[in-house]
Amino acid sequence: MVWNFKQDSLAAIDDNDISLTYKQLGQECDTFKSKMAPRSLVFTFCSNTIADFIGYVAFLQNGCVQALLNSLEEHEELISKYNPNYLWVPMDMAQKFNNYKMVYEKYNYILLENLSMKHKLYEELALLLTTSGSTGSPKFVRQSYKNIRSNAKSIAKYLNITSDERPITTLPINYTYGLSIINSHLLCGSTILITNKTIVQKEFWNFFNKYGATSFGGVPYTYEILKRLKFFDMSLPTLKTLTQAGGKLLPSLHAEFAEYCQSTNRDFIIMYGQCEATARMAYLPPEQNLSKIGSMGIAIPGGKLVLVDVNNQPISTPFTTGELIYYGDNVTLGYAQSYADLSKMDERGGMLETGDMAEFDEDRYFYIVGRKKRFLKIYGNRVNLDEAERILKNKFPDTECALSGKDDELVIFITDKQKGAQLRKYLSEKTGLNHRAFVVKYIESIPKSDAGKILYSKLVDINVD
Amino acid sequence: MDNAKKYLKIFVDVLEVAEDKVLNLNYRDVPAWDSVGHMTLIAEIESEFDVMLDTEEIIDFNSFEKGKEILSNNYGVEF
């Protein structure tokens with residue numbers, strides 16, 4: 001990659017006070033290299049500790065292809081679909097993978113090896129990330145080295161990241177937005193403060209203050225919690241920058257945080273992106289924060305945003321709705337559904353149909369106004385409603401249901417009163433999202449067209465309690 | 001319903017866990033008690049006991065027992 005491992009400055013500090021310089025991080029990379037088959041496939045189980053951080057950097061640096069996963073599950077289905085050569089897992093999970101042998105351990109993580117599968121890996125392929133809220137499907141987004149480099153550079157440029165920065169992890173490393181914070185800051189020689197504590201824990205804020213965090217990122221729900229925590233009254237003298245992505249922030253919250261940051265001489269930066277574009281596609285320059293409330297901003301440096309109408313023609317008139325298309329080096333290669341797809345080349349050619357409907361104002365600042373595809377953002381995670389519906393129908397073939405709702409509130413419409421709780425629980429488990437986001441509503445029958453297609457537009461209007 | 005029962009019921013309802021599991025529960029012991037679950041618990045407790053927790057109390061509230069302690073020590077709720 002492009003990291004500079006010659007620096008003596010700190011690359012990372014974790015909440016157990018373990019710290020590593022860039023030089024030491026480079027040495028860790030070499031250690032992994034000496035123990036692993038080159039250009040192999042690795043699954044990294046992320047828990048936001050120094051161990052998964054080092055593993056991530058080393059595998060990327062050493063030319064292994066890695067999938068980043070959470071460490072809450074064993075991911076049996078993914079492992080059986082992809083047959084990774086290595087697993088980098090928390091020590092206490094190690095005995096669960098009995099067809100792998102141990103080759104290395106560090107910081108309570110263990111490197112497990114099984115070289116029986118020789119993968120054909122496309123030469124540009126660097127990283128596999130689950131699409132957020134993937135509803136347990138084995139689908140990965142395929143990211144290239146160029147994708148990661150170009151997006152990190154672009155982010156570093158528009159955020160003016162320097163080596164003095166100390167971002168604190170508020171998001172999982174395996175979540176594209178969380179990862180982009182790490183990548184862009186490592187590029188600039190900053191120091192990452194690594195913790196898996198959350199903003200509702202005292203330990204998080206103690207760690208924040210002990211090492212002088214300068215920035216963090218949050219999804220809309222993070223900002224709702226911060227407001228409730230009376231964030232505006234907290235004394236955080238080192239904090240300089242707040243970023244927001246993972247869904248559209250309520251305009252009122254956007255305004256409140258923008259005003260707070262203006263009056264305290266901080267930057268609040270609204271951003272827009274998708275895992276399919278590595279991470280970021282657009283940002284709202286902070287000086288426009290108060291004059292462009294609700295806007296997702298402009299394309300990131302090196303990228304281009306275009307709106308097209310139903311005939312696929314570019315739109316040039318302000319306040320005309322069209323589908324948002326993005327062009328840039330950070331547009332990922334495509335998806336993988338199984339190991340055979342890892343040999344696939346670039347299927348997108350630098351163009352991404354975002355699935356979002358948008359318009360721009362007279363200054364060409366973009367505003368999301370709707371969605372072309374049926375998905376919701378739940379706590380920053382994209383949940384595809386059709387996919388989630390299929391998962392429910394597979395598990396509960398005799399139960400009639402239809403999914404709708406709004407961001408942070410997915411509604412399960414159901415005709416069988418007995419089944420509601422089961423469906424809700426199953427969906428919460430499959431998506432790994434808190435069950436508070438799933439609401440069950442009973443209706444007499446699911447509205448359908450003559451052809452038998454569910455009329456989702458009618459579901460929205462149905463008044464049920 | 002007495003306060004102990006009300007308090008217990010909030011945990012059972014919000015986190016959807018069995019009563020016998022609640023008593024020794026800590027933050028993040030169950031997937032439902034994440035930051036989303038935490039803020040829901042706080043909101044329910046505030047409305048049930050007619051209190052308003054401050055930042056320090058919300059981030060200090062890391063277990064079933066700790067919450068009880070905060071309510072009884074700082075707000076005179078008797079259990």
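Reader: Where in chain A is A:Gln288 found?
Author: This is a predicted model; local features need pLDDT (the predictor's confidence in each residue, from 0 to 100) of at least 70, side-chain atom pairs count only at pLDDT 80 or more, and totals for chains, interfaces and linings use all residues. Residues are numbered from 1 along each chain as its sequence is written, while chains are lettered from A and ligands numbered from 1 in the order in which they are written. Helices (H or I, at least four residues) and strands (E, at least two) are DSSP runs, numbered from the N terminus. A:Gln288 sits in the loop between strand E14 (280–283) and strand E15 (298–299) of chain A.

Reader: How many other C-beta atoms lie within 10 Å of A:Gln288?
Author: A residue is buried with 20 or more other C-beta atoms within 10 Å of its own, exposed with 12 or fewer, and partly exposed in between; C-beta atoms are placed from the backbone. A:Gln288 is partly exposed, because the number is 16.

Reader: Which strands stand at the edges of the open sheet in chain A?
Author: Two strands pair if DSSP finds at least two bridges between them. The sheet has 8 strands in the order E6-E7-E5-E3-E4-E8-E9-E18, with mixed pairing. Each edge strand has a single partner, so one side of it lacks a neighbour in the sheet. The edge strands are E6 (101–106) and E18 (334–336) of chain A.

Reader: Which residue of E18(A) is the bridge partner of A:Arg142?
Author: Strand E9 (residues 140–144) of chain A runs antiparallel to E18(A), and 3 bridges join them. In E18(A), A:Arg142 has as its bridge partner A:Gly334.

Reader: At about what angle does helix H2 of chain A run to E3(A)?
Author: Axes are lines fitted to C-alpha atoms, for helices over the stretch in contact, and angles run from 0 to 180 degrees between N-to-C directions. H2 (residues 50–61) of chain A lies across several strands, including E3 (41–46) and E4 (65–70). Its angle to E3(A) is about 155°.

Reader: Which residue takes a positive phi in the hairpin of E21(A) and E22(A)?
Author: E21 (residues 375–378) and E22 (residues 381–384) of chain A run antiparallel, joined by 4 bridges. A:Leu376 stands opposite A:Val383. A:Leu376 is also buried, and both faces of E21(A) are covered. The hairpin has 2 residues between its strands, and the positive phi, near 45°, belongs to A:Tyr379.

Reader: Which helix gives the most to the side of chain A that touches chain B?
Author: Contact means C-beta atoms, placed from the backbone, within 7 Å. By that rule 16 residues of chain A meet 15 residues of chain B. The elements of chain A giving two or more residues to this side are helix H6 (202–210) and helix H7 (220–228). With 3 residues, the one that gives the most is H7(A).

Reader: What radius of gyration does chain B have?
Author: Chain B comes to 5 helices and 0 strands. The radius is taken over C-alpha atoms, and the globule rule is 2.2 Å times the number of residues to the power 0.38. For 79 residues a compact globule would be near 12 Å, and chain B agrees, with 11 Å.

Reader: What ipTM does the predictor give the complex?
Author: Chain B averages a pLDDT of 95, and 100% of its residues score at least 70. The complex has a pTM of 0.92 and an ipTM of 0.93.

How values were computed:
Two residues are in contact if their C-beta atoms, placed from the backbone, lie within 7 Å.
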